[in-house]
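Got the model open in your viewer? Let's take a short walk through it, one selection at a time.

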Amino acid sequence: MARTAFVLNGPNLNLLGKREPTIYGHETLADVEASCRATGATLGLEIRFHQSNREYELIDWIHEAREAACGIVINPAAFTHTSVAIHDALAMCDFPILEVHISNIHKREAFRHHSYVSSLASGVIAGFGTQGYVLALHRLATLVVA
Ligand code: DQA
């Protein structure tokens, strides 16, 4: 039976492709979802892919993942830098958490340098563009068979 991985995306990522393309590129979130599903198929991972602009929806999916998933790949977007609630939800997960940022948050404004998620993450990928999601899924697959 395929294991399940959640890929969660925070606010404004629904506008990927249109949103500040010089920073985030031209791929849409649908393109990212398609890459994640294709990668999941090669890795034996069933992908549940979600995006929301609402903090509580991301928290509810993290709770769902606790019951159903072998790991989470998450780009919390702006909630990375603000959300104790997402930190607390992830702290209840006892599987690998891979944090992804399309841009290199460390090269940008100082307020993007702190993440409430990184202290809980098995790994962090930033600045690899949308390819970061695919790399994170490969890492997740390695961690869950190890
Ligand atoms: C982001 C970086 C965050 O600082 C920003 O708020 C985002 C996207 C990224 O993928 O590079 O919305 O998480």
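Before the first stop, a term: a pocket here is an open set of grid points where a 1.4 Å probe fits, with protein on both sides within 12 Å along at least five of seven lines. A molecule counts as sitting in one if more than half of its atoms lie within 2 Å of the pocket's grid points. Keep in mind, too, that this is a predicted model.

**Stop 1: the ligand.** Select the ligand, and you've landed in the largest pocket. Now show what surrounds it: Arg-19, Tyr-24, Asn-75, Ala-77, Ala-78, His-81, His-101, Ile-102, Ser-103, Ile-105 and Arg-112.

Which residues put polar atoms next to the ligand's oxygen atoms? Start with the side chain of Asn-75, where an N or O atom is 2.8 Å from a ligand oxygen. Next, click on Ile-102: here a polar backbone atom is 2.8 Å from an oxygen of the ligand. Then try Ser-103, which has a polar side-chain atom 2.6 Å from a ligand oxygen. Turn on a surface while you're here: of the 320 Å² of accessible area that the ligand has on its own, the protein covers 99%.

**Stop 2: Arg-19.** From the ligand's surroundings, pick out Arg-19. You'll find Arg-19 in the loop between β1 and α1 (21–24). Draw a line from its side chain to that of Tyr-24, and you have a polar contact at 3.4 Å. Beyond its neighbours within four places in sequence, Arg-19 is also in contact with Pro-11, Asn-12 and Leu-13, among others. Buried or exposed? Arg-19 counts as buried because its relative accessibility is 19%, and the cut-off for buried is under 20%.

**Stop 3: Asn-9.** Jump to strand β1 (residues 3–9) and select Asn-9. With 0% relative accessibility, Asn-9 counts as buried. Leave out residues up to four places away in sequence, and Asn-9 touches Leu-29, Phe-49, His-50, Gln-51, Ser-52, Leu-58, Asn-75 and Tyr-133. You've met one of these already: Asn-75 also lines up among the residues surrounding the ligand.

**Stop 4: Thr-80.** Finish in the loop between β3 (71–75) and α4 (84–91), where you can select Thr-80. Thr-80 has 0% relative accessibility, so it counts as buried. What does Thr-80 contact, leaving aside neighbours within four places in sequence? Look for Glu-99, His-101, His-114, Ser-115, Tyr-116 and Val-117. His-101 takes you back to where the tour began, as it is one of the residues around the ligand.

Terms used: Residues numbered from 1 in each chain as written. Predicted model: local features only at pLDDT ≥ 70, side-chain atom pairs only at ≥ 80, totals over all residues. Heavy atoms only, no water. Helix = DSSP H or I, 4+ residues; strand = E, 2+ residues; numbered from the N terminus. Buried < 20%, exposed > 50% of the residue type's maximum accessible area, 1.4 Å probe, protein only. Contact = heavy atoms within 4.5 Å. Near = heavy atom within 4 Å. Polar contact = N/O pair within 3.5 Å; in protein donor to acceptor, adjacent residues only side chain to side chain. Areas by Shrake-Rupley, 256 points an atom, 1.4 Å probe, with all protein chains shown as cover. 1 Å grid on protein atoms, 1.4 Å probe; cavity = no way out; pocket = protein on both sides within 12 Å on 5 of 7 lines; lining within 4 Å.
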